[in-house]
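Here's a quick look at how one chain is put together and what sits in the middle of it all. Have the model open as you read.

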Amino acid sequence: MFFHIVLERNMQLHPRHFGPHLRDKLVSKLIKDVEGTCSGRHGFVVAITGVEDIGKGLIREGTGYVTFPVKYQCVVFRPFKGEILEAFVTMVNKMGFFAEAGPVQIFVSNHLIPDDMEFQSGDVPNYTTSDGSVCFCLISSSYESLHHV
Amino acid sequence: MYGWTLKPVALIQHCLFVGFVEEPTPVHSKSNGKASSGSLKTGGKGSSFSKGEGSKGKAYSGGKGGKGSSSAVVPTKSDADLKLDLDIPPNSRILMNCEATELLQEIHEHMAILSEDPKIKIPESFDKAFKYAKDGNHFTAASSVKQALEPLKKCGVNDGEICMIANIVPETIEEVYALVPSLKANRSLNEGPITEVLAALDNIKAAK
């Protein structure tokens, strides 16, 4: 489901960017840092639609960087438990099938597929029912960071 | 690589996916991420849940490596369990696919100019989300959809459920109750308005 949401972020800017275009530099950095990211709380940040407020900058001791609190509006995409999603199947195998709903990757295990859908191997593997169509309801989700410690 | 559009006919009531934290259960670091044991509560890829409505009631006793349940019969999910669990901050607004398409279309036109600069890279998630919103949009104008759905607010249908109806575009009232089971609780109150709304949405649907 898509949401239009207001988020806040502390942006750090190097003094070399100070000048008449400081705000533009901040916004560019915000877009570069935030768009395309994903968080467990808000989901995928699809696009920033506007900047509401840029607070006063505070100089960080020792580094000279300045931290600006920035409030911005953005479109996010996040699925929820109980949501009905339309998704596009990308791969089918005997373990289940993978699908995509926008930027979200989905896996449906064969254990969670009804009995009346049988896996058909071959050139185009698929799960088939008599009427040939399916949709699913989300019961749970998990977020995994790509950075393993 | 295959692409199917999944059309709502039969309801699979359980699935899992790689996405976002819903529950504060730890994700096993050695898991492949595609089967979150925390989300299944019983561990492992296999599930000890039985199938939902429309199934033949086959139950599992634990699947692959999961803790599982030793009993043969596992209780099915009730309508209350399948209720849309929206946990959104107060300063946010739900967007239907039609609204998201219009918003992202403006940004896309702006990005087309920016993308000429080689230093600016458009995120892949934007393209995927934009395509998803466009493909899931069945209407020509978001404002007319919003107007058509307005009566549902008066009969206790929340924003998330309204959004789901707009996104899925059910054809019959029974389909609405099958896909949004939480509405069944107030069926006597909302059945009439929902039927009228479905007829109104049918009139403003874009030809595809």
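Accessible areas here come from the Shrake-Rupley method with a 1.4 Å probe, and for residues only the protein chains shown count as cover. This is a predicted model, where local features need pLDDT of at least 70, side-chain atom pairs count only at pLDDT 80 or more, and totals for chains, interfaces and linings use all residues. Residues are numbered from 1 along each chain as its sequence is written, and side-chain values use heavy atoms, with hydrogens and water left out.

Some totals for chain B, with buried meaning under 20% relative accessible area (1.4 Å probe, protein chains only):

| Chain B | Value |
|---|---|
| Exposed area | about 11200 Å² |
| Carbon and sulfur share of exposed area | 54% |
| Buried share of the 208 residues | 42% |

Chain B has seven helices and four strands (DSSP runs: H or I of at least four residues, E of at least two, numbered from the N terminus). From the N terminus on, they go β-β-β-α-β-α-α-α-α-α-α.

Now the inside. A nonpolar core is a set of buried Ala, Val, Leu, Ile, Met, Phe, Trp, Tyr and Cys residues joined through side-chain atoms within 4.5 Å. The largest one holds 47 residues, and Leu149(B) and Leu152(B) touch the most other members. Both chains give two or more residues from several elements, including strand 1 (2-13) of chain A and helix 7 (187-204) of chain B.

Helix 7 of chain B buries Asn190(B), Ile194(B), Val197(B), Leu198(B) and Leu201(B). Among what covers them are helix 4, helix 5 and helix 6 of chain B.

How values were computed. Chains lettered and ligands numbered in written order. Buried < 20%, exposed > 50% of the residue type's maximum accessible area, 1.4 Å probe, protein only. Contact = heavy atoms within 4.5 Å.
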